[in-house]
Every structure is written in C-alpha cells, then in structure tokens.
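Colleague: Could you take one part of this model and walk me through it closely? I'd like to hear what sits inside and what packs against what.

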Amino acid sequence: MTEYEYDRDRRIAWWREARFGMFIHWGLYAIPAGVWKGRCIPGVGEWIMYNARISVKEYEKLTKRFNPIKFDAREWVRITKDAGMKYIVITAKHHDGFCMFDTKYTDYNIVKATPFGRDPLEELREASKAEGLKLGFYYSQTFDWHHPDGMGNDWDYDLSKQNFARYFREYVEPQIEELLTNYKPVAVLWLDITTPIPELARELRDMVRRLSPETIISGRIGGRVGRPATLSRGLADYISMGDNQIPDRKIGDDWEVPMTLNDTWGYKSYDHNWKSPGKVIQILVEVVGKGGNLLLNVGPTAEGEIPKPSVDILLEVGRWLRINGESIYGAGAAPLDMPNDAPYRFTYKPGKLYIHVFGWPWDGELRIFDAEGKIKPVEAYFLEDRGYGGLTYKWSGRDLVIEVPEKPLDPIDTVIVLEEG
Ligand code: GLC
C-alpha cells in the first residue's frame, strides 16, 4: 500500500460507511427559478444565466432581491438527518460565480452583496457540527460566468483574451483556501466538470492535502467523469459518475453518483417531476449494491426553504432507513451477481447477504439464483423484526428457495438477511 493509499483509506473511511448524502444547489438562480422575462428557460435551473445568455450586469441585479429569511441551518440539518443522510455537500460557488460564503476576494458574495447579509455556510457549519453531520462544499473551479478569466461566458467576455491560469491561481485557489480554513472541518471538496490544465489540478490537490488532509476530493477535479484514472493518479479520492448515471455493474473502487430528485439541481418553480420515495429507495439499494454512494439533491427556494415535495420524499426514505439502515450503511457489493431481470437486489457485509425484494413472489416462494454456489446460508430472517423468526429455505438446483408469507412486510423493499456460516 502506498502512502497515498494509506492516507486515502483513513480519510474516506467515514464516507464508505455513510453511503447516502445530501447535495444542495442553492444560489441566485433560485430567484428566477427557471423563468426569465416571462419565458420558461429549458435546462437545469442553475444554468439559467448561461441558457438565457443573461449578461453579468443584469444577473448581478438579482443580489438585491436575494433575502432568504426562511433559511434555517438547523432545520436543514434536521431534515438531512431524518432522511438518513450522513453528509451534506452544498454549493459554495456555482458556475454563475456568485459566492454563498463570505470571501475577501470578491464582493459578489451573499454577505456583502445581498440584503440578507448572513453567511449560510458558516451557519450550516455550526449546525452540522452540533449534530455530528459531515459538511462539504461544491466549488465550480472551471466555469465561472461572472469572472472575466473564468471559463464559459462568451456573451460578456472575449474568451481569446482570457487568462485561465491567472483566474485559477489568484482566485480559485485562494477561495478554496478560505473555505478549508474558515469552515473547518471540510469533509468533502466537490469540484465539478474537470480542471482543463492537469498541472493546475495537481497544484490544487497539493494545496488541499497540505491545508486539510482530512478533506475528500471529488473525482471531477480532473480526468474524465466516471473513469477510474483520476483515482489511480492520486488526484481524487473517489470516482464521480456522470449526473444521474448509475454504472451497469459493480465497481471495486470508491464511487459516487450525484442524483436529482426531479429534473433540475437548482430550484425550478415548475419542475414537478419528482421521483417517488420507492424509486429513491430502489436507486439507493442499486447504488450501494454496486459499491457506491448516492448524493441526492435538493434545490432550496429563494426564501431559503427546501421544497416541501422534496422533504416529504426524503422523510419517507428516512423512515425506511430507520428500519433497514443496517443493509445500507457500511454495506457494499455482494460477491455474487443476480440476473438482470431479478425482482430483487443484493447488498452485502462480510457474513451477511441482504436480499432487497422489490417484487414479492405470488406463490410464497422466493427464488434466489446462485449460479456459482456462493451463498452458504446458516440462517434467513427478515431485517425488520416482526416476530417471524427464522425463515425456512431449501435448495432446488441452483435456486435457493425461501418460504415467505403471502404479503411483503414493506411493499417497496422488504429486506431478508442471509447469514453465512
Ligand atoms: C453538472 C452541472 C451542474 C451541476 C452538476 C451536479 O456538472 O454543470 O450544474 O451542479 O452537474 O452534478
């Protein structure tokens, strides 16, 4: 094991156990909420400045209207915990360049430029600390449509005159240094897209390691999204999958997928395409069963509230997790695969195979296919203790047949534990 691997193992231990985190996209874009000058702008909410080609001058005016007086850090932390999520990653600076924290490198920040005048990241830091929740920051290191040298804004700036390295060294790195020192401890630094110049990515990584060795760096610091290369080059601590992309099969390296609850990250007033709680539970099981973490997003409103439909879904998921959390936290991929069309999924801990039954058998016999004879059960029982005790099972060819009652204990996902000898 290299020194880097050794450090990474220690850094990432809590994250492997956590499995489920809350992503928060919050910024000025919550004000237009997907509508600009009476037009519904297609695309994700936080990209409205780009998608509607809003000039820096015009977009800046939003600061005067940003006064999220309903924001309550303790309430957000409570929702996160009730949802069974173990960490928060919130946007410190998104592509629009607006800073949601106090910074001395620009006045374009929530404390100095808005009537609100408070620092939500500091308030979240305190609330998370009090509740023992991990807090991390999303920071857009590459795109910055507000900064003359940041990438992506060709409607205000002449891109050929830009000096990206200057922006990176004189703005991005100092701001990340502020985040790492003023908002300690920073559990995760969630960089996005990729850093176009590898030398700068390495420089940033070295700085983070020096200032805050415990901070986990997301896979999007560099290289291609979803590829393990960044991990093996020692740039990132885990692989970040593409948005909403769950890999086809299990992956041996640490990985995470960011996922939307509807079809946007930043709040959009007219996006009601919510995933059901059952869908979210199935996604979580799928992700953990492939060895990954799920970072599930909410997009708070301009008043500072997590939208009610999101909260309702998350609380349902949290209810399921309170009963079945053992099969998720610290669990990972099972040593055996299931047929793709199987009505169940596996998660696993040494000595315990968790069978998540999504489709309940109509004939009282749950058949688990084990092609290679990997299951060696000594006991089977429901994870939810309803007094059923041990379940009867027998082998029929390569099927392990478990006798189950007529109805599932939980219509979304009833978990059966197989203990191995
Ligand atoms: C994409 C988008 C960005 C969003 C992110 C979340 O990279 O550009 O708006 O924050 O995905 O994973």
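Modeller: Sure, let's start with helix H8, where Leu200, Ala201, Leu204, Arg205, Met207, Val208 and Arg209 are the buried residues. Keep in mind that this is a predicted model. The helix covers residues 198-211, so to speak a run of 14 residues, and spans 20 Å from first C-alpha to last, close to the 20 Å expected at 1.5 Å a residue. The cover over its buried residues includes helix H1 (3-18), helix H7 (164-182), strand S6 (188-191) and strand S7 (216-217).

Of those, H7 is worth a closer look. The axes of H7 and H8 come within 11 Å and cross at roughly 20°. An angle under 35 degrees counts as roughly parallel, which is why H7 is roughly parallel to H8. The crossing in which H7 passes H8 is right-handed. On the H7 side, the contact is made by Phe164, Ala165, Phe168, Arg169, Glu173, Ile176, Glu177 and Leu180, and on the H8 side by Glu199, Leu200, Glu203, Leu204, Met207, Val208 and Leu211. Sorted by character, the residues of this contact come out as 10 nonpolar, no polar and five charged. Leu200, Leu204, Met207 and Val208 turn up twice here: they are among the buried residues of H8, and they are also among its residues that touch H7.

For a second helix to set beside H8, try H11 (residues 308-324). H11 has 17 residues and reaches 24 Å between its end C-alphas, close to the 24 Å expected at 1.5 Å a residue. Its buried residues are Ser310, Val311, Ile313, Leu314, Val317, Gly318, Trp320, Leu321 and Asn324. They are covered by elements including strand S1 (20-24), helix H4 (73-82), H10, strand S10 (292-298), strand S12 (352-357) and strand S17 (414-420).

Take H10 from that list. H10 (residues 277-289) packs on H11 at an angle of about 55°, with the axes 9 Å apart. That makes H10 oblique to H11. Here too the crossing is right-handed. Pro277, Val280, Ile281, Leu284 and Val285 of H10 meet Ile313, Glu316, Val317, Trp320 and Leu321 of H11. The residues of this contact split into nine nonpolar, no polar and one charged. Ile313, Val317, Trp320 and Leu321 are among the buried residues of H11, and they are on the side that meets H10.

H4, also on that list of cover, has a helix partner of its own. H4 and helix H6 (residues 120-131) pack at about 45°, their axes 8 Å apart. H4 and H6 are therefore oblique to each other. The crossing of H4 and H6 is right-handed. From H4 the contact uses Ala73, Arg74, Trp76, Val77 and Lys81, and from H6 it uses Glu123, Leu124, Ala127, Ser128 and Glu131. The tally for the contact of H4 with H6 is five nonpolar, one polar and four charged.

One single residue to finish: Phe346, in strand S11 (residues 344-349). At 2% relative accessibility, Phe346 counts as buried. Setting aside neighbours within four places in sequence, Phe346 is in contact with Gly289, Ala334, Leu336, Asp337, Met338, Leu353, Tyr354, Ile355, His356 and Ile368. As for Pro411, it lies 65 residues from Phe346 in sequence and 17 Å away in space, C-alpha to C-alpha.

Note on methods:
Residues numbered from 1 in each chain as written. Predicted model: local features only at pLDDT ≥ 70, side-chain atom pairs only at ≥ 80, totals over all residues. Heavy atoms only, no water. Axes fitted to C-alpha atoms, helices over the stretch in contact; angles between N-to-C directions. Helix = DSSP H or I, 4+ residues; strand = E, 2+ residues; numbered from the N terminus. Parallel < 35°, antiparallel > 145°, perpendicular 65-115°, else oblique. Left-handed = near helix turned anticlockwise from the far one by under 90°. Contact = heavy atoms within 4.5 Å. Nonpolar A, V, L, I, M, F, W, Y, C, P; charged D, E, K, R; others polar. Expected span 1.5 Å × (residues − 1). Buried < 20%, exposed > 50% of the residue type's maximum accessible area, 1.4 Å probe, protein only.
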